[in-house]
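Welcome, and take a moment to look around before reading on. The notes below walk through the ligand site, the domains and two backbone details.

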Amino acid sequence: MENASNRPNKALIIGCGIAGPATALFLKRAGIDSVIYEADEQIDDYAGLFLNLARNGLQVLKELGLDEQIRQEGIELHTMKMLNGKGKLLGHVGQTSGEPQGYTIKRGILHKVLREEALRQGISIEYGKKLKGIERNEPDRVKVSFEDGTVVSGDMLIGCDGIHSRVRRIVMPSAPAPSYTGLISFGGFLHSNTIPYERGIQTMVFGKRAFFGYLVRNSKEVYWFGNMNYPGQPSRRELQSIPQAEWLRTINGLYANDIAPLPEIVRSTKEEIGVFPIYDMPPIPVWHDKSVVLLGDAVHATSPNAGQGVSLALEDAIVLARCIRDIPDVQLAFSEFQKFRRDRVERIVQYSRRIGQRKHATNPVQVFFRDLMLPLFLKSANKDSHGWMYDYKVDWSEKAAL
Ligand SMILES: Cc1cc2nc3c(=O)[nH]c(=O)nc-3n(C[C@H](O)[C@H](O)[C@H](O)COP(=O)(O)OP(=O)(O)OC[C@H]3O[C@@H](n4cnc5c(N)ncnc54)[C@H](O)[C@@H]3O)c2cc1C
């Protein structure tokens, strides 16, 4: 127990995605109890396809002793091979040797690893608890109500409820809303004996009409995803309400004239295709208010292009818990957390947005300039192998400064 007696000792955490359980685990180490409240009624470890967990995020899991499970179940990722629509190599991102850039892992596995460790350590997770309201009548207390009519109170509220955060909307009603990038993401899994396995390589293709990425596990399972322009501001639910057969038709049509093996991958997918709108967040000026703080996507969601959202959420968790451990005044701890994190997070959100902009190119002039400029960009980006992003480490034993 590292907690001193005058410290807050009960945190209410909203959301059991990535940031929620990771924060609870670090707080537990700091001697602070928390309860996680999750809106979903039940666990669905098959939802959410797969993601790239970058080396910097894995470092945080290592601190929790959870990295080994990811290394075992994930696919090592060294480089991304970028091709244009004609199959011409535009360049690589990452290095073939040395530490992997990260691991590609089914989202459900990562959720399971975090959730099971939280439960193993006695952290309670309550499902079917959709946050409804927040009351802060006393300065150092917070009361929360849920849609099922229950009410709980604690010393602080930690909003880990994702990009459409209700905590944020209640506590910071004038904060900018998430902004739709104009792209949706879709993808799936299949087994194939014909698509070659290339160790450590994820192939990305600027297809004729839409972007496509895939990688093959040594068990011959293929993980794939695509991005396409999509009008309006669709919600996940709206996209899900479109029948699977229609998505299959649309996606087959998008890649039908692309290089091999894109058409084959889409055609051979028999399992359900997941479809997600891509949003990111404009910068939010202040990340906390009295005894409430936001972290992860709730406060700085980044588009998935850089594969960093999960890692940023994990980094937030360790930094926030360290600030709460070392700075007795909760509000000062929250403001130190924001100070420590802001520049890095904003740099990554911007970087990811820039990558996404290249995926919009569909007319021949845009495509010509993208194919001309991208190799130069990749060459210069590779010079430092994105060390600023991937080699970032937070030392738990270091004292949070004030
Ligand atoms: C298509 C797609 C692909 C992505 N690919 C990658 C990738 O390759 N690599 C990467 O690093 N990141 C990726 N991301 C981003 C990544 O998913 C997020 O950055 C990450 O999940 C953020 O974690 P979080 O804990 O902050 O939020 P979330 O994971 O969104 O968790 C929020 C939790 O809060 C719960 N919740 C919401 N509202 C309430 C409420 N009112 N009451 C109670 N609970 C609530 C939700 O049910 C959820 O469980 C991708 C995102 C998308 C959409």
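## Around the ligand

The element α10 gives the shell around the ligand its largest share, 3 residues. Please keep in mind that this is a predicted model. Three elements each supply at least two residues of that shell: β3 (50-54), β17 (274-280) and α10 (309-326).

How many residues surround the ligand, and which come nearest? There are 30 residues around the ligand, and A19, E38, N52, R107 and D297 are the ones that come nearest. Sorted by class, the shell holds 14 nonpolar, 9 polar and 7 charged residues.

Some polar contacts can be picked out by eye. In each row below, the distance runs from a protein atom to an oxygen atom of the ligand.

| Residue | Protein atom | Distance to a ligand oxygen atom |
|---|---|---|
| R107 | polar side-chain atom | 2.7 Å |
| G307 | backbone N or O atom | 3.4 Å |
| G309 | polar backbone atom | 3.1 Å |

On its own, the ligand has 1,000 Å² of accessible area, and the protein covers 83% of it. R107 thus appears twice in this picture: among the residues that come nearest the ligand, and with a polar side-chain atom 2.7 Å from a ligand oxygen atom.

## Two domains

Now step back to the whole chain. The domain assignment gives domain 1, made of 8-178 + 281-390, and domain 2, made of 180-279. Taken over C-alpha atoms, the centres of domain 1 and domain 2 are 23 Å apart. Their contact takes 36 residues from domain 1 and 35 residues from domain 2.

How much area do domain 1 and domain 2 bury between them? The value is about 3,000 Å², with 63% of it on carbon and sulfur atoms.

The ligand brings the two parts of the story together: its shell draws at least three residues from domain 1 and at least three from domain 2.

## Two backbone details to look for

Two spots in loops deserve a visit. Where does P261 lie? P261 sits in the loop between α7 (244-255) and α8 (262-268). The peptide bond joining A260 and P261 is cis, with omega of about 5°.

The other spot is L49, in the loop between β2 (33-37) and β3. L49 is not a glycine, yet its phi is positive, at about 50°. If you follow the chain on from that loop you reach β3, one of the elements that supply at least two residues of the ligand shell.

Definitions and conventions
Residues numbered from 1 in each chain as written. Predicted model: local features only at pLDDT ≥ 70, side-chain atom pairs only at ≥ 80, totals over all residues. Heavy atoms only, no water. Near = heavy atom within 4 Å. Polar contact = N/O pair within 3.5 Å; in protein donor to acceptor, adjacent residues only side chain to side chain. Areas by Shrake-Rupley, 256 points an atom, 1.4 Å probe, with all protein chains shown as cover. Helix = DSSP H or I, 4+ residues; strand = E, 2+ residues; numbered from the N terminus. Nonpolar A, V, L, I, M, F, W, Y, C, P; charged D, E, K, R; others polar. Domains from an automatic or database assignment. Contact = heavy atoms within 4.5 Å. Buried area = accessible area lost by both parts, 1.4 Å probe.
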